[in-house]
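Reader: I'm new to this one and would like a guided tour. Could we start with the picture and then go through the terms as they come up?

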Amino acid sequence: FPSAHPSHNPTKMTTNSSHPFDLSDAYLFGLSLSSYRDYHLGPDASSYFENETAIAAIAIFFFRATVHGQEWTLWRYSCALALGVLAYMKQPYEVITAVELFSYVVSYVCQSQRRASTDTGSEARKQINAKTLLFQMLQLALGAAVSLGFSHLMVTGLLVKGLTLMTPKPIVQLLYYLFPIAEMQRVYDVAAKFANPLVLSKQLSHLLFVTFHIQVGMGFLGIEFLRREQHRRNQLVRMDVEVSPSEEAANGDADAPPSSTPDESSKEQTQSRKLKVRLQRSRRFQQGAAPFILFTAFPYMMQIIIYGGINKYAALCLQHDLHRTVRLNELFNHDNHLIATATETATSPEGYASSMDVALSTAYDIFNRKLFSLPKVLLLPNVMAKQPWLVVQVVPFIFLSDLVKDSAVAFVTRKIESLQKQIKELSSIRGKVEAFDMKNAELLQRSGKSSTAFTQRRWESLTVQIQARQVVSDLLTRSKMFFAFMQRNFVFGALIDCALANLLAIGKITSADTFVFSRAVEDAVDMFLTRSRAEAELGRMATEHDKLDELDDIWTRSKNRILLPCHVDPIEHKTMIFRNLHYTRGTATVRADHVELERGVYALTGANGSGKSTLFRVVMSCNTNEKPVDLPPSINLLTPAEPLTEADDLMREVACEANDGDIGPNEPEDENVPSSPTDEERSGECIADPNASDADKTCIADTAGDETGESQKSDKIEAHPRLSVTMPSSSVTEISQNFYWPLYSTPLEFFFQSERFDDFTPEEIDNRAAKVASELHSLLFFQPVTVDEDNDEVDENASIARIADELKQEKEDWFGDLSGGQKSKAELVRKVFLQDECPGVLLVDETMAPLDPTSKAIVMARLKSFCASSIIIVIYHTDATQESGGNGTLTECVPSSGFFDHNMHLEQGQLLVRPTC
């Protein structure tokens, strides 16, 4: 086992007994079978799934009660019950395994004593009683020590490490060649890339503990069932065996009338007796069918179903947990994972989660089958050791035929896997294309007379490519399955029958054992040729591994965040300052050498493609934001983005103001602004050359006088302007052109997305619905409800109640059914008006464009009052007007409209701030 079970510590008990989801239908016979695990449970948790301890207890109870020798039934079940209690109490696996091994030691010692007692007389038993007792005590003490030591080595992994170090390298290489050890290790490595390795190790420990005890236990049950089934089949075969004279005599009829001739009489009597014998055989066979079904087949079937189902449930808990890790937890654990998955690959999260399912379930199924067949394989060494020539004569041919078959199957499998990978990729692309086109079917219809035909050709091209590969894959799959069936039943089976015939002839096995040993030989070959026999599964598993490695690479790259180094204004928290900001996106180039924005509302204007929306992306990428958004690769910062400390930035700001003449020599200095650095402090620093232009600023090393008062000037050092962005607050909100709203959810849940509505009372939900409805109603979200048909007076309460009812109803796409203006209002309410205060910086990207004049005036007035202490930048596309300047010239300006305070304008690549009119 990779690691030990956590020790039972009540002070640290953290279980997963409850979850916030409605799983009322996920019950089987009244039992909750949820595979949910709280993602926040770490390595210190005592258990992860709600039925984890019960499953471990059932597994070890079943094993100890099933796998036994000639021991007392009471002792066997007592040991099984004790081990089950230890597992249920969450005792370490090391302790449980040690107690389990010691229980078998006690049984062995007791059985040895019983055999010794039966072999000696009463007088001899009295003489050796004391010695025997002492010897038994030594055996038990040694057994306890060995049990503890072996379980410690096994649970901690030291046993495997020691065997690996002591095993010669050629044998290790042979084991890696025969068994898929490297592939199993890769499964763990891939899973550990997405899951917490410590948590994963503990989950695997639990799963392996359960699987070993259930599968080996079921394997021992299977041996006895196969023997009884073979015995029943042998009785059916004997129906056609010639009647023996003893059976014929036993069924003779003394009262039978004499026949006309002696010969005819003798023949008729003989035939009659033989018929009676066969009918008696048939009746005995038929009479034995019901007991076999009731007391052998049915109990075995129920044990396989119940215990196999428990084992499967334990495996599904881990599989579903890793599925959620890839599809949900890690996908949303980092802001960039979702975006990177959507933009860098055509595979959906479902596809990657399915890859994890396939990789884990394939590896587990291989391991599971080997454990189930282990008890049967252990029957062979004793028989083969007594027949070495049989091993030499038959076994090589068995392995050779299977190896040839596996090589052929492996070649075909690789081709099938390659085709299936292509089919999945194309199907994923086709699914996205079809979903997009179906969603925009109306736009497609209005896109021109050839648009539909073009879309049809795209759909047809993808479908034909998929179907062509599917035809080849299906034909290869059919051929592979038929070839494997023929080889297994008529080549491999015939060779096994040769070995069994020899064992039957020399009396090493009975006819009732033929089925058992046939399966044992087959399982042994399957175990030693695991890699070649499981080539198809391993090939599919490798394909899924590659996909998961690709996802891990995508997510790793996405974690290298591209953020703008900014800092928050430490003094007044009211100014946004851009210094030496220079960026490009496509053909747009924007420069802001020194732009300051005070509190107020700014209209951001400029031609289409001038970089207005790009400026919003740049601002949203500030690393000081509460939730920064990475700069997309299409945006290039041309100014080196070197992080500055707040003190450095303030110092440079003072220097710039002094150079611009903003602070005169007689003006008082702000006590909050640091004084200019002394010569000693500036020594070795770079300061701006006041005679240089903004574009070609240089840095001159300061001079330092020596003791004689002479100074030496250093050479002129060229420097680059450094980017600096000062933000008034870390609370920055953007309302973009396009809005996201989830499907199949109540609108109210997304308005309060940070809260869990499952924990709220109906009254609390109604209060929140009324709050949102009131905000929406104030923005004229729906047509108001009037008092009556003849009166235009608005019924405020009825209007709010109508919106509140709408918000609490789950719909497929509530937001998609809204008009453009309603979407803008809903987004403004969600991101701005429902908050306790307005964000420090609010970026509005064409959100007001779809509003009607009345709604626009209401929204502007509400923003103006609610966000009076914030900086609001609104992308504005209305034509600018011209205003007469003081010298009689006409200048363009944006009308204030009682809303805008300033105009940020992009013209010829420069970002300027100018007044409104």
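Author: Sure, and one term comes first: buried means under 20% relative accessible area, exposed means over 50%, and partly exposed is in between (1.4 Å probe, protein chains only). This is a predicted model, where local features need pLDDT of at least 70, side-chain atom pairs count only at pLDDT 80 or more, and totals for chains, interfaces and linings use all residues. Residues are numbered from 1 along each chain as its sequence is written, and side-chain values use heavy atoms, with hydrogens and water left out.

Reader: What is the mean pLDDT of the protein chain?
Author: pLDDT is the predictor's confidence in each residue, from 0 to 100. In the protein chain, 81% of the residues reach 70 or more, and the mean is 80.

Reader: Where is the pLDDT below 50?
Author: Where pLDDT is low, the predicted coordinates should not be read in detail. Counting a contact as heavy atoms within 4.5 Å, the stretch 1–18 has 53 contacts beyond near neighbours in sequence, with pLDDT below 50. The other stretch has 13 such contacts, and its pLDDT is also below 50 over residues 642–647.

Reader: How many helices and strands does the protein chain have?
Author: Helices (H or I, at least four residues) and strands (E, at least two) are DSSP runs, numbered from the N terminus. By that count the secondary structure of the protein chain comes to 28 helices and 22 strands.

Reader: What share of the residues is buried?
Author: The chain has 917 residues. Among its contacts with a separation of 6 or more, 75% are between residues 24 or more positions apart. The buried share of the residues is 39%.

Reader: How many disulfides are there in the whole structure?
Author: A disulfide is a covalent bond between the sulfur atoms of two cysteines. Here it is taken as a pair of cysteine sulfur atoms within 2.5 Å. Numbered in sequence order, the bonded cysteines pair as 1-2, 3-4, 5-6. A search of the whole structure finds three.

Reader: Which way does the link of Cys-566 and Cys-622 turn, left-handed or right-handed?
Author: The sulfur atoms of Cys-566 and Cys-622 are 2.1 Å apart. Cys-566 sits in strand β3 (residues 566–568) and Cys-622 in the loop between α21 (612–620) and β7 (635–637), 56 residues apart. Both cysteines are buried. With -70° about the S-S bond, the link is left-handed.

Reader: And why is the disulfide of Cys-838 and Cys-867 given a handedness, and which one?
Author: The S to S distance in the disulfide joining Cys-838 to Cys-867 is 2.0 Å. Cys-838 is buried at a relative accessible area of 10%, and Cys-867 is buried at 3%. The torsion about their S-S bond is about 85°, so the disulfide is right-handed.

Reader: Is Cys-917 buried or partly exposed?
Author: A disulfide joins Cys-917 to Cys-893, S to S 2.1 Å. Cys-893 lies in strand β20 (residues 890–893) and Cys-917 in the segment after β22 (910–915), so the pair ties together parts that are 24 residues apart in sequence. Cys-893 has 2% relative accessibility and counts as buried. At 27% relative accessibility, Cys-917 counts as partly exposed.

Reader: Which cysteine has the sulfur closest to that of Cys-79?
Author: Cys-79 counts as buried, at 8% relative accessibility. The closest cysteine sulfur is 9.8 Å away, too far for a bond, and it belongs to Cys-110.

Reader: Which residue in β17 stands opposite Thr-733?
Author: Two strands pair if DSSP finds at least two bridges between them. Four bridges join β14 to β17, and the two run parallel. Both faces of β14 (residues 732–735) are covered, with Val-732 and Glu-734 buried on one side and Thr-733 and Ile-735 buried on the other. Opposite Thr-733 stands Leu-842.

Reader: How many aromatic pairs does the search find?
Author: Rings of Phe, Tyr and Trp (its six-membered ring) pair if their centres lie within 6.5 Å; planes under 30 degrees apart count as stacked, over 60 as edge-to-face and the rest as tilted. Ring pairs link a cluster that includes Phe-739, Tyr-740 and Trp-741. The search of the whole structure finds 20 aromatic pairs.

Reader: What kind of pair do Phe-179 and Phe-528 form?
Author: Phe-179 counts as partly exposed at 21% relative accessibility, and Phe-528 is partly exposed at 39%. Their rings are 6.4 Å centre to centre with 45° between the planes, so by the cut-offs the pair is tilted.
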